[in-house]
Amino acid sequence: MENLYGYVRVSTREQNEERQMIALAEFGVPEKNIYMDKQSGKDFERTGYKRLLRKLREGDTLVIKSIDRLGRNYEEILAQWRTITKEKKAAIVVLDMPLLDTRQNRDLTGTLIADIVLQLLSYVAQTEREFIRQRQREGIAAARARGVRFGRAPMERLPAFYEMAEKWNKNEISARAAAKHLGISHSTFIRWCEEEFVKKSTGFGPYLQPVPNT
């Protein structure tokens, strides 16, 4: 007996899966046959999808809202498409793209056409994502060239830092004790001292000596 299944995936727990669920229900997928995963892009251990694959049999049909539900990138989408259509011998219906409906013309020609369309769409989607990332990198580089700074603002050195740093240089206090007195971390204190030593060596800072290995 041929069964109709659906798969829903949202990338974070904050996203709402209702739009996908409604589309699958309107297509006629029984609610009990809809499998769902909610997770981040990093965590791709899709337990719902794995259960779905174990259920799929030859002649069954899987319905998804859009092709990117199958994977995060071009390679993953193609791999899952081949698993379902070639290994499982099940059909796929992509609601947002009527051309990707392998129920029609299940012969070699129909499968070939669907594969070509899928590869083209997946390639375009992947290329667009890479183009967006490239534009972001270029925008960040241009902003940095203009002097724009990203990330958290650096901590302002406390007036007492120089006093503590001088005592540390004279071995009157340990670096950890100095950091604790200033209310900063040991690593921050060491970094500030290193930066001040660089300033001194280039003529732009005061008195600090090279940072010892402590």
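**Notebook: strands, a buried aspartate and salt bridges**

I began with N171, which is exposed, with a relative accessible area of 70%. I was working from a predicted model, and I noted that N171 sits in the loop between α5 (159-169) and α6 (175-182). Although N171 is not a glycine, its phi is positive, at about 60 degrees.

I then looked at K89, which also has a positive phi of about 60 degrees without being a glycine. I located K89 in the loop between α3 and β4, and at 44% relative accessibility I entered K89 as partly exposed.

**Overall layout**

I recorded 7 helices and 4 strands for the protein chain, and reading along the sequence I wrote the pattern down as β-α-β-α-β-α-β-α-α-α-α. Of the 214 residues in the chain, 35% are buried. When I looked up contacts between residues at least 6 apart in sequence, I found that 61% of them join residues at least 24 apart.

**Strand β3 and its partners**

Which strands pair with β3? I found that strand β1 (residues 4-10) pairs with β3 in the parallel sense over 4 bridges, and that strand β4 (residues 91-94) pairs with β3, again in the parallel sense and over 4 bridges. For single positions, I noted T61 of β3 as the bridge partner of L4, and L62 as the residue standing opposite I92 in β4. Following the chain onward, I saw that β3, helix α3 (residues 74-87) and β4 form a right-handed β-α-β unit.

I next asked which residues of β3 cover each of its faces. In a regular strand the side chains alternate between the two faces of the sheet. In β3 (residues 61-64), T61 and V63 lie on one side and L62 and I64 on the other, and all four are buried, so that both faces are covered.

**D37, an acid without a salt bridge**

I went to D37, which lies in strand β2 (residues 34-38), and asked what the nearest side chain of opposite charge is. It is R46, at 5.1 Å, and D37 is buried yet has no salt bridge. Because a salt bridge requires the side-chain nitrogen to be within 4 Å of the carboxyl oxygen, I did not enter D37 and R46 as a pair. I did find a polar atom of the D37 side chain 2.8 Å from the backbone nitrogen of G48. Beyond its neighbours within four places in sequence, I listed the contacts of D37 as Y7, V8, R9, V10, R46, T47, G48 and Y49.

**Salt bridges**

I noted 6 salt bridges in the structure, among them one between the side chains of K65 and D96, at 2.7 Å from N to O. This pair links distant parts of the chain, with K65 in the loop between β3 and α3 and D96 in the loop between β4 and α4 (108-145), 31 residues apart. K65 counts as buried at 13% relative accessibility, whereas D96 is partly exposed at 42%.

Another of them joins D101 and R103, whose closest N and O atoms are 2.8 Å apart; I entered D101 as buried at 14% relative accessibility and R103 as partly exposed at 34%.

I last looked at E163 and K167, whose side chains meet in a salt bridge of 3.7 Å, N to O. Both residues lie in helix α5, 4 residues apart, which is about one turn of the helix. E163 is partly exposed, with a relative accessible area of 44%, and K167 is likewise partly exposed, at 31%.

Conventions. Residues are numbered from 1 along each chain as its sequence is written. This is a predicted model: local features need pLDDT of at least 70, side-chain atom pairs count only at pLDDT 80 or more; totals for chains, interfaces and linings use all residues. Side-chain values use heavy atoms; hydrogens and water are left out. Helices (H or I, at least four residues) and strands (E, at least two) are DSSP runs, numbered from the N terminus. Buried means under 20% relative accessible area, exposed over 50%, partly exposed in between (1.4 Å probe, protein chains only). Lys and Arg count as positive and Asp and Glu as negative; His and the chain ends are not counted. A polar contact is a pair of N or O atoms within 3.5 Å; within protein, one must be able to donate a hydrogen and the other to accept it, and residues adjacent in sequence count only if both atoms are side-chain atoms. Contact means heavy atoms within 4.5 Å. Two strands pair if DSSP finds at least two bridges between them. A crossover is right-handed if, with the strands pointing away from the viewer, the path from the first strand over the helix to the second runs clockwise.
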